[in-house]
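Let's take a walk through a protein chain together. Keep the sequence and the 3D view side by side as you read.

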Amino acid sequence: MLPAACLAWAVALLVPWLLDLSMGGSAAGSAKDGDWAKSVGESRGGMAGGSTAGGGMGMTVWMMPLVLALPLLLAMILLAVKLVCLVAREVPNRRSQFFRRPHRLVSTWFDSRRLPTLAVLAAVALTAALSAAVGHESVRSGPAARQIRQGKAMAEVRGLALGPMSASSRRGWDCQVELRLHRVTVAGVRMPSDERIVLFARGRSCLLQQGGLYRARGLLGPSVYGRPMPWLTVEDGLKQVRPPGPGRRLIVRMQNAFLEQTGKLDDQGRILVPGLTMGILGNQALPGSGGSLGRPAVEPAYATRLIQDFRASGILHLMAVSGGHFMILASLLVSIMRALRSPPLLMALVLSAAYLGLGMLMVPGDSVLRAQAMGLLSALALAACRPAQSLNSLSWCVLLVLILRPSMAASFGFALSCGAVLGIGLGNRRLTVLLEDHLPAFLARPLATTLCAQAGTLPVQVLMSPGLPLLAPLANLLVTPVVDVATVTGLLALLTSWLWPPLGLLLARLTSLGTAVMAFAATWLGEAAAPAGWPSGPVGSACLVGLGLMAVIDHRLVRLIRARSRDPLWPAVTAQDSGVPFRPSAWGSIKVWLQQTYGLLAQLVFKKRPRLMSSDEGRFES
């Protein structure tokens, strides 16, 4: 299912771009809304940058790294041709099929045995294209999007708060929240809508709670930066239509109590403990319980520097909720349920309830959605008594999410989360076996996981910011021993702060000890070496993918060359398989070299140099 998921992702990205290209505009605006069109183009990796007024500069930016990528592409093609030649030489009966009769090679790919696979791929592509086209047109034709194409206007909206209030990213405003609209009223005309907007407010209007239904009146306009989503600025026209449900109010109370306890920590703890535990940094959360507004918890300069150090050292993912929270919870519950001899169906139900509950405790995010969807799919496989496979679960998760929400194809958070899981699923086992030959197991396993996750996310990171964090494996290796412990203590602090505040504060302080190690590693390694220069944008991402393919091709070439260099008569003489090749570890090779060197030095015999007689001794002997 992995090729089908990749195909669906490519189709979900290409269809909106082709629709915008055919309509001669961006997804939300026309040529006169330049900032809005620019934000849309940037959110899609700059694919539509050539149609703007600065097309010449955009072409220059694209051509410079493209010239650097041409030698890489040529080398990759030559390596692929060499690999095909070696395969054809190893299998003589296939040689004519590769070179003399290419039509037979094509016919083997379209024979009756491959028709089901091709039919599935065609169905996936058609479904993804239809879903992307419908979703793109629904967003483009929404009342808010139509209005901002004509200009800013006063509007009254009614919508559901999708997340908690957070500190505003715009100067002059206190808070912001994302709303999913139910209806929009512009110039006295009420229209239904299912769009998403970002609401900015100040003062007493910053009292929204997640899950509540609100009515707001303010200025509706296009976004200046970030995601291509309409902005609504509200001065004092916010009213609550329906409060959140009892369960959501309990969760809000737990989150506010946890933030109140983390506010008593030092600066790094106030920033990192909420980010590691529930996915929102302390400087982004509104201080005070109950959503009350106050002064920022930490200095903005320190928070900016700390985030930059985490980004430069390659451990920025620790500031957000990832699949690690769900894996820790699943491993704990599975151990308990297996000790109780629970049936698979009951275990699947408990895991599903735990995944849903943990997802509700976290701040909504794209990575949380990916982890929750994969967890539910794994629980479904457990209920059906089928083994859970990470790559198949990831593929089904991508297919379902992109079909239901095609806009997630352009989400960096979702792409980073999926890339990390893909890298771990493809190379973690082999790399672990390779590293265990040279390193202890407690170092080889986390290092292999870190390298695989980093390799899977690098193409997406280059799209976000140019540069490659060279010290990312070392930074991840340093913080790995404390991440799991800090995550567990943070979740326990979140669960106990509203019931027993002293216990919650104690657990938060223990979590702060783990985040202090992360902050030290990020500051030390982030300032030690700057990220290596690399082409930015889609060209840089394509170069990284090309390097990965070259590495795979080189690995295959080395295996073929080693297989050819072995003695083919040895299995015939022994009448059995010769076994696996012996691969000495680096430390074993160094140890043997030291022993051999010491043995050679010990065998040396130093002859005594004859002592020269003085003139007096010579006269005496004579």
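Among contacts between residues at least 6 apart in sequence, 71% join residues at least 24 apart. This picture comes from a predicted model. The chain has 622 residues, and 39% of them count as buried. Its secondary structure comes to 22 helices and 8 strands. The accessible surface is about 35,300 Å², and carbon and sulfur atoms account for 66% of that area.

**How confident is the prediction?**

The mean pLDDT of the chain is 75, with 76% of the residues at 70 or more. Over residues 25–68, pLDDT stays under 50, and the model has 54 contacts beyond four places in sequence for this stretch. Residues 95–100 also have a pLDDT below 50, with 11 contacts in the model beyond near neighbours in sequence. Where pLDDT is low, the predicted coordinates should not be read in detail.

**Strands and a covered helix**

Which strands pair with β1? Strand β1 (residues 153–161) pairs with strand β6 (residues 213–221) in the antiparallel sense, over 8 bridges. Strand β1 also pairs with strand β3 (residues 175–186), again in the antiparallel sense, over 7 bridges. You can find single partners in the view: Val-157 stands opposite Ala-216 in β6, while the bridge partner of Ala-155 is Val-186 in β3.

Now look at Leu-181, which is found in strand β3. Is Leu-181 buried or exposed? Leu-181 has a relative accessibility of 1%, so it counts as buried. Not counting residues up to four places away in sequence, Leu-181 touches Val-157, Arg-158, Gly-159, Ser-193, Asp-194, Glu-195 and Ile-197. The C-alpha atoms of Leu-181 and Ala-144 are separated by 9.5 Å, although these residues are 37 residues apart along the chain.

Ala-144 brings us to helix α7 (residues 143–150), which is mostly covered, with 6 of its 8 residues buried. The buried residues of α7 are Pro-143, Ala-144, Ala-145, Gln-147, Ile-148 and Arg-149. Just after α7, Gly-151 takes a positive phi of about 135 degrees.

**The nonpolar cores**

In soluble globular proteins, nonpolar side chains tend to be buried together. In this chain, the largest nonpolar core has 33 residues, and those with the most contacts inside it are Phe-258, Met-278, Phe-326, Leu-351, Leu-361 and Met-362. Elements that give two or more residues to this core include α8 (246–262), α9 (267–278) and α11 (323–339). Helix α12 supplies the largest share of this core, 7 residues.

Take Met-362 as an example. Leaving aside its neighbours within four places in sequence, Met-362 is in contact with Gln-255, Thr-277, Met-278, Val-321, His-325, Val-368, Leu-491 and Leu-494. Apart from this core lies another one, of 26 residues, among them Leu-402, Met-408, Ala-409 and Val-421.

Helix α8 also holds Thr-262. With a relative accessibility of 2%, Thr-262 counts as buried. Beyond its neighbours within four places in sequence, Thr-262 is in contact with Arg-270, Val-273, Pro-274 and Ala-508.

**Aromatic pairs**

How many aromatic pairs does the structure hold? There are 4 aromatic pairs. Here are two of them, side by side.

| Pair | Distance between ring centres | Angle between planes | Kind |
|---|---|---|---|
| Phe-326 and Tyr-355 | 5.9 Å | 45 degrees | tilted |
| Phe-520 and Trp-524 | 6.2 Å | 20 degrees | stacked |

The pair of Phe-326 and Tyr-355 links distant parts of the chain: Phe-326 is in helix α11 and Tyr-355 is in helix α12, 29 residues apart. Both Phe-326 and Tyr-355 are buried.

Phe-520 and Trp-524, in contrast, both lie in helix α18, 4 residues apart, about one turn of the helix. An α-helix has 3.6 residues a turn, so residues three or four places apart point the same way. What about their cover? Phe-520 has a relative accessible area of 57%, so it is exposed. Trp-524 has a relative accessible area of 48%, so it is partly exposed.

To finish, find Phe-200, Tyr-225 and Trp-231, which ring pairs link into a cluster.

Methods: Residues are numbered from 1 along each chain as its sequence is written. This is a predicted model: local features need pLDDT of at least 70, side-chain atom pairs count only at pLDDT 80 or more; totals for chains, interfaces and linings use all residues. Side-chain values use heavy atoms; hydrogens and water are left out. pLDDT is the predictor's confidence in each residue, from 0 to 100. Contact means heavy atoms within 4.5 Å. Two strands pair if DSSP finds at least two bridges between them. Buried means under 20% relative accessible area, exposed over 50%, partly exposed in between (1.4 Å probe, protein chains only). Accessible areas come from the Shrake-Rupley method with a 1.4 Å probe; for residues, only the protein chains shown count as cover. A nonpolar core is a set of buried Ala, Val, Leu, Ile, Met, Phe, Trp, Tyr and Cys residues joined through side-chain atoms within 4.5 Å. Rings of Phe, Tyr and Trp (its six-membered ring) pair if their centres lie within 6.5 Å; planes under 30 degrees apart count as stacked, over 60 as edge-to-face and the rest as tilted.
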